[in-house]
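The following paragraphs guide a new reader through a molecular model. The sequence and the structure should be viewed together while reading.

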Number of protein chains: 2
Amino acid sequence: MGIRAIERAMNVLQELNLQPINTIAQLHARTKLPKPTLVRILKTLEDAGYVENDVREGGYRVSALVTSLSSGFHKGPLVVEAGRAWAVAITRKHKWPTAIALPDYDGVIIRFSTVPDSPVSPFHSTVNRRLNLLTRGMGLAYFAFLEGEEAELITDVLRRSDDPENALSHHPAELARLVRKVRANGYATRSSLVEPRNSNTIAVPIIAKSGKVLASLGLTYFTSAFSSEQEACARYAPVLQSAASAIADDLERLSRSISIEDDNPAAV
Amino acid sequence: MGIRAIERAMNVLQELNLQPINTIAQLHARTKLPKPTLVRILKTLEDAGYVENDVREGGYRVSALVTSLSSGFHKGPLVVEAGRAWAVAITRKHKWPTAIALPDYDGVIIRFSTVPDSPVSPFHSTVNRRLNLLTRGMGLAYFAFLEGEEAELITDVLRRSDDPENALSHHPAELARLVRKVRANGYATRSSLVEPRNSNTIAVPIIAKSGKVLASLGLTYFTSAFSSEQEACARYAPVLQSAASAIADDLERLSRSISIEDDNPAAV
DNA sequence: CTGATCCATTCCGTCCTACGGAACGGCAGG
DNA sequence: CCTGCCGTTCCGTAGGACGGAATGGATCAG
């Protein structure tokens with residue numbers, strides 16, 4: 001068993017990263033910690049410079065110094081590095097948060113998200129969150145564009161899964177129809193069968209010049225902001241597609257001009 | 001006064017970010033904490049998943065989860081996002097760590113560094129570190145390419161400083177000569193008058209299409225790895241220059257294709 | 001093989017400090 | 001004015017963090 005105060009502080013810090021601004025009441029509800037304890041922890045983090053108490057906004061937020069807690073960690077695949085700038089740019093222009101997800105066995109894991117840059121995020125920061133391949137927009141955008149042996153391999157793995165979100169894998173015909181539809185559209189959206197219902201995600205694959213599907217790029221919006229899913233897709237799918245293609249270009253340029261031997265896409 | 005255990009844990013976590021691998025003895029020396037206390041703190045962080053005890057390497061290192069402690073913080077200028085991929089690519093190819101620094105009043109601040117990706121870094125992670133404009137490679141690469149009013153303004157500020165590292169600002173003729181040399185070379189290096197002596201940094205400016213100097217891109221190497229500074233510069237200056245120019249291109253493409261209203265380069 | 005040295009880790013009794021219920025002051029709405 | 005909700009402060013208590021000393025390896029010298 002570890003030091004309780006530290007465990008608590010780390011949890012609080014994680015929670016703080018999930019929203020641009022956090023009130024004591026919210027943190028109290030999410031962490032189940034007594035308010036005085038929260039105040040004490042936040043004061044400690046504030047003194048240390050990791051947290052700011054924004055009285056105007058009425059809450060606490062992480063400050064620039066938190067980067068020093070993770071500046072020593074990298075080994076992110078190059079596609080994430082190449083894609084960040086585009087993800088940030090889209091969010092600056094269109095406000096909605098975007099994210100980049102990388103394959104991880106029978107799912108994808110979000111490796112970068114612009115939630116903190118988005119003034120209107122339906123979600124909290126979702127970095128390191130795992131998404132299923134068949135029901136989630138970013139999972140499906142990856143899965144549907146897989147080809148040949150790789151596609152079969154993953155399909156087999158999914159078939160063996162008893163996760164309800166992978167249920168579609170037991171209905172090959174329907175699955176094939178879904179894949180065809182996604183490929184025809186050039187983008188995927190989150191299944192209407194899974195939570196949360198008040199938002200949706202539009203996602204496209206990032207495909208290397210070699211044809212290999214590297215990752216997916218997604219944008220999440222409040223459903224209430226549009227009259228229909230079609231409207232949102234018509235607006236953002238082209239943006240995402242051109243960004244995904246630009247990311248693939250950038251990767252190509254990166255490897256050509258600097259000539260990288262091999263970008264190992266090993267996850268984690 | 002805050003909670004001591006938390007303050008200590010945060011310090012330990014920061015220290016862990018400064019080196020790829022950290023032994024208890026090193027941490028003990030750097031943090032002045034008793035070893036049992038360190039072990040307890042590290043065990044706590046390990047249980048929570050932020051730290052790994054790599055028995056093979058004989059020490060502790062930060063793990064992927066630390067990113068969740070800062071994933072909520074962004075507001076980084078687009079030039080850093082655009083430059084990351086290139087910095088990472090250079091380090092993967094040439095091994096030496098690279099960094100991107102942004103202007104901050106009378107200095108520059110390192111906003112991104114590939115130290116964790118470098119197997120041979122002379123330095124520890126240097127994110128958020130401030131560098132002087134006249135003696136440091138990355139500072140000088142920025143300063144020397146400033147033009148017109150902006151250059152005069154900063155020069156005035158420097159002249160009013162009594163920081164020994166800004167001493168050159170009191171000798172306008174020598175300063176002008178240095179600036180001319182840097183401009184002619186197209187890159188800057190760290191002054192041989194300042195520490196540390198066992199490494200050096202080669203840096204180039206990142207200049208937007210508009211002509212505005214946005215940032216500097218630097219590479220740091222052990223002096224002992226080359227027979228002369230010339231040799232290292234001949235090898236890496238062109239690499240850095242082409243990367244800097246590519247970053248400017250990327251920025252241009254980012255803003256053209258997504259058409260961002262205004263990239264506010266405000267630092268922290 | 002023995003003894004010395006250095007290291008990370010565990011023990012455990014002491015003391016302190018983190019804890020949280022209760023109280024407080026501020027604010028908004030009724 | 002009162003009521004409800006908020007963030008913050010108080011303060012007596014008790015449980016947990018603390019660190020010196022002991023332990024268990026690993027490495028090296030003789």
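The model shown here is predicted, and its nonpolar interior offers a suitable place to begin. The largest nonpolar core comprises 72 residues. Within this core, the residues with the most contacts are A:Val79, A:Ile202, A:Leu217 and A:Leu254 from chain A, together with B:Val79, B:Ile202 and B:Leu217 from chain B. A second core, separate from that one, has 42 residues, and A:Val62, A:Ala64, B:Ile6 and B:Leu27 are included in it.

Attention may now turn to the helices through which the two chains meet. Helix 4 of chain A and helix 4 of chain B, each covering residues 78–94, have axes that come within 8 Å and cross at roughly 175°. Because angles over 145 degrees count as roughly antiparallel, helix 4 of chain A is roughly antiparallel to helix 4 of chain B. On the side of chain A, the contact is made by A:Leu78, A:Glu81, A:Ala82, A:Arg84, A:Ala85, A:Val88 and A:Arg92. Chain B contributes B:Leu78, B:Glu81, B:Ala82, B:Arg84, B:Ala85, B:Val88, B:Ala89 and B:Arg92. By class, the residues of this contact are 9 nonpolar and 6 charged, with no polar ones.

Another pairing joins helix 3 of chain A (residues 35–48) to helix 1 of chain B (residues 4–16). Their axes come within 10 Å and cross at roughly 40°, which means that helix 3 of chain A is oblique to helix 1 of chain B. The crossing is right-handed. Here A:Ile41, A:Thr44 and A:Leu45 of helix 3 meet B:Ile6, B:Glu7 and B:Met10 of helix 1. The contact consists of 4 nonpolar, 1 polar and 1 charged residues. B:Ile6, one of the residues in this contact, also belongs to the second core.

Two individual residues complete the tour. A:Ala141 lies in helix 5 of chain A, residues 137–143. A:Ala141 is buried, because its relative accessible area of 0% falls under 20%. Beyond its neighbours within four places in sequence, A:Ala141 is in contact with A:Ala188, A:Ala203, A:Val204, A:Pro205 and A:Ser216. Its C-alpha is 8.6 Å from that of A:Gly218, although 77 residues separate the two in sequence.

In chain B, B:Leu133 occupies the loop between strand 5 (130–132) and helix 5 (137–143). Its relative accessibility is 0%, so B:Leu133 counts as buried. Apart from neighbours within four places in sequence, its contacts include B:Asp106, B:Val108, B:Tyr142, B:Phe143 and B:Ile154. The C-alpha atoms of B:Leu133 and B:Pro103 are 9.1 Å apart, with the two residues 30 apart along the chain.

Definitions and conventions. Residues numbered from 1 in each chain as written. Chains lettered and ligands numbered in written order. Predicted model: local features only at pLDDT ≥ 70, side-chain atom pairs only at ≥ 80, totals over all residues. Heavy atoms only, no water. Helix = DSSP H or I, 4+ residues; strand = E, 2+ residues; numbered from the N terminus. Buried < 20%, exposed > 50% of the residue type's maximum accessible area, 1.4 Å probe, protein only. Contact = heavy atoms within 4.5 Å. Axes fitted to C-alpha atoms, helices over the stretch in contact; angles between N-to-C directions. Parallel < 35°, antiparallel > 145°, perpendicular 65-115°, else oblique. Left-handed = near helix turned anticlockwise from the far one by under 90°. Nonpolar A, V, L, I, M, F, W, Y, C, P; charged D, E, K, R; others polar. Core = buried A, V, L, I, M, F, W, Y, C linked by side-chain atoms within 4.5 Å.
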